[in-house]
Every structure is written in structure tokens, then in C-alpha cells.
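Here's an informal walk through a few helices and ring pairs. Have the model open alongside as you read.

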Amino acid sequence: MQANTTSEANYDLLTLSGEVDLHYSPQLRESILGSLKAGKPLLVDMGQINYIDSSGIASLVEGFQAAKSAKLGYGLLNVSGPAMQVLTLTRLDKIFAIYTSADQFAATLPA
Amino acid sequence: MTKIKKLLEFQFPARADQLCQVRERLRETLRACSKSEQMVNYVLLAVGEACMNIIQHAYKDEPGDIILEVEKHGGNMVVFRLTDFAQHKTRGEEMRSRPLDEIRPGGLGCHIINEVMDEVQLIECDSDCRNVLQMKKRLRTPRD
């Protein structure tokens with residue numbers, strides 16, 4: 001897995017690629033919570049994810065809960081086919097805010 | 001009588017850093033059995049979840065080994081067996097899914113395994129300290 005966080009105007013963009021499993025999920029958790037603890041809304045780009053297991057999903061859920069508590073925007077961008085298979089299987093596709101463009105997410109944030 | 005063909009068998013250390021290599025070997029085997037990349041992904045996920053359960057809950061992150069065996073039974077049934085030698089004996093109730101309407105991290109592995117696989121069975125082998133998890137997946141059609 002590769003994880004790269006960039007600062008956009010009013011949110012952080014976390015771009016993931018590769019395979020997210022038990023070996024890499026602690027790194028994903030750290031990246032997600034790092035942005036949220038800094039008070040930044042977070043958009044997670046999952047377009048280049050070709051595998052994610054329940055440990056990776058747990059990191060995403062932890063981010064969802066942390067963002068909700070802190071009243072920060074949080075969403076998933078361009079979820080790849082394999083990642084969507086897992087979200088659907090666990091019915092989390094109905095819970096996460098999923099976007100097809102970063103502009104859509106940015107439009108949900110306070111000006 | 002059902003024809004059984006051994007497709008894969010290997011032993012690996014029960015560590016998170018091994019999972020990628022396990023998936024790589026299993027992916028190759030599954031692609032030879034199914035043309036459906038979606039089915040391959042689902043099965044990779046379920047077997048990965050089962051390995052993860054052994055690492056975290058059976059060995060509790062202590063050193064140990066796992067044996068993965070894959071067999072084809074007849075034209076369309078693939079059987080996966082994961083054997084560990086952990087002291088902790090996994091019980092049937094530990095393989096149950098949690099309610100999905102509880103939105104919290106963790107606890108989804110058993111749900112995934114049970115959703116993907118057609119049969120999941122814990123085989124107790126107390127006499128030689130082995131735990132065997134057997135999972136069966138029927139391919140939709142022989143040419144799926």
C-alpha cells in the first residue's frame with residue numbers, strides 16, 4: 001500500500017494505492033486520524049486500491065466515527081471495483097459518503 | 001465418486017507481512033479455476049480474513065505457522081483448508097458474524113467469510129493440537 005496526503009484548500013486528500021491488509025492498516029489508520037486530529041476534513045481517494053480487507057475497512061470506519069465526533073467532513077472518492085465489493089458485502093456502502101469527484105466533496109464543506 | 005485434485009499446498013509464518021505473498025499464490029490458482037475476477041476477489045478476501053483470524057485470535061500475534069491447502073472436488077467445488085497449531089482452540093461461536101447495523105471498527109471478518117463461502121466448518125483435531133478451518137466455494141458454473 002502507498003498512502004500520500006496532500007493539503008487542498010479546505011481539506012486533506014489521502015490518496016491510496018495497492019493492497020490494504022493487516023500489515024498496512026495501522027499505517028492507514030494513522031494517516032486518517034492524523035488529518036482529522038489536525039481538524040482537517042478528509043477525502044480518501046480509493047481509485048487505485050486493488051485489495052482491501054476488514055482491517056483496512058476498520059481503519060476507514062474509525063475515521064468515519066472520529067470525523068463524526070469532530071463534526072468534520074469525511075468521504076471516499078472514486079472507490080475501485082474490488083474496494084466497492086467489500087463495502088457492499090459489509091453494507092458500509094450505505095454508510096460512507098462516496099463521491100466521484102473531489103469537487104462534489106468540497107461543495108459539502110463549510111465555506 | 002468425486003474426483004479430488006490438489007491445486008495448492010504450502011506452509012507460511014502466521015504474520016501480517018506474509019499475507020500479500022499468500023494472496024499472490026492463491027490468486028494464480030483461483031484464476032485457473034474461474035474466469036470471474038469478481039469471484040477471485042471475493043474468495044481471496046475470505047481466505048485472507050480467515051488467515052487474519054488465525055494470526056490475531058488463534059496465535060494472538062505470537063509466532064506460529066499456517067498451512068493452506070486448496071483442492072478441487074469434482075467440476076465446480078473448491079475446498080480451502082487452513083491448519084494452525086495454536087494452543088487457542090477456535091470455537092464455533094467465534095466464527096459468528098456480528099450485527100452489521102452496529103457501525104464500529106472490527107468484527108467483520110467472520111461476516112465476510114460466511115457471506116462468500118458456501119460452507120464453513122471448524123474441524124477439531126485435539127489429539128495432535130491442530131485446528132483446521134475448512135471452507136468450500138462452489139463456482140457458479142464449471143466455466144465461471
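In helix 2 of chain A, the buried residues (under 20% relative accessible area, 1.4 Å probe, protein chains only) are A:Ser54, A:Ser55, A:Gly56, A:Ile57, A:Ala58, A:Ser59, A:Leu60, A:Val61, A:Gly63, A:Phe64 and A:Ala67. This is a predicted model, with pLDDT of at least 70 needed for local features and 80 or more for side-chain atom pairs, while totals for chains, interfaces and linings use all residues. Residues count from 1 along each chain as written, chains are lettered from A, and side-chain values use heavy atoms, leaving out hydrogens and water.

Helices here are DSSP runs (H or I, at least four residues) and strands are E runs of at least two, numbered from the N terminus. Helix 2 of chain A covers residues 54–70 and reaches 24 Å from first C-alpha to last. Right after helix 2 of chain A comes A:Lys71, with a positive phi near 55°.

Now for the rings. Phe, Tyr and Trp rings (six-membered ring for Trp) pair if their centres lie within 6.5 Å; planes under 30 degrees apart are stacked, over 60 edge-to-face, the rest tilted. There are five such pairs over all chains, including these two edge-to-face ones:

| Pair | Centre to centre | Between planes |
|---|---|---|
| A:Phe64 and A:Phe96 | 5.8 Å | 90° |
| A:Tyr99 and A:Phe105 | 5.5 Å | 70° |

A:Phe64 sits in helix 2 of chain A and A:Phe96 in the loop between helix 3 (81–89) and strand 5 (98–99), so their pair ties together parts 32 residues apart in sequence. A:Phe96 is buried, at 6% relative accessibility. A:Tyr99 and A:Phe105 are both buried too, and ring pairs link them with A:Tyr11 into a cluster.

Methods. Expected span 1.5 Å × (residues − 1). Buried < 20%, exposed > 50% of the residue type's maximum accessible area, 1.4 Å probe, protein only.
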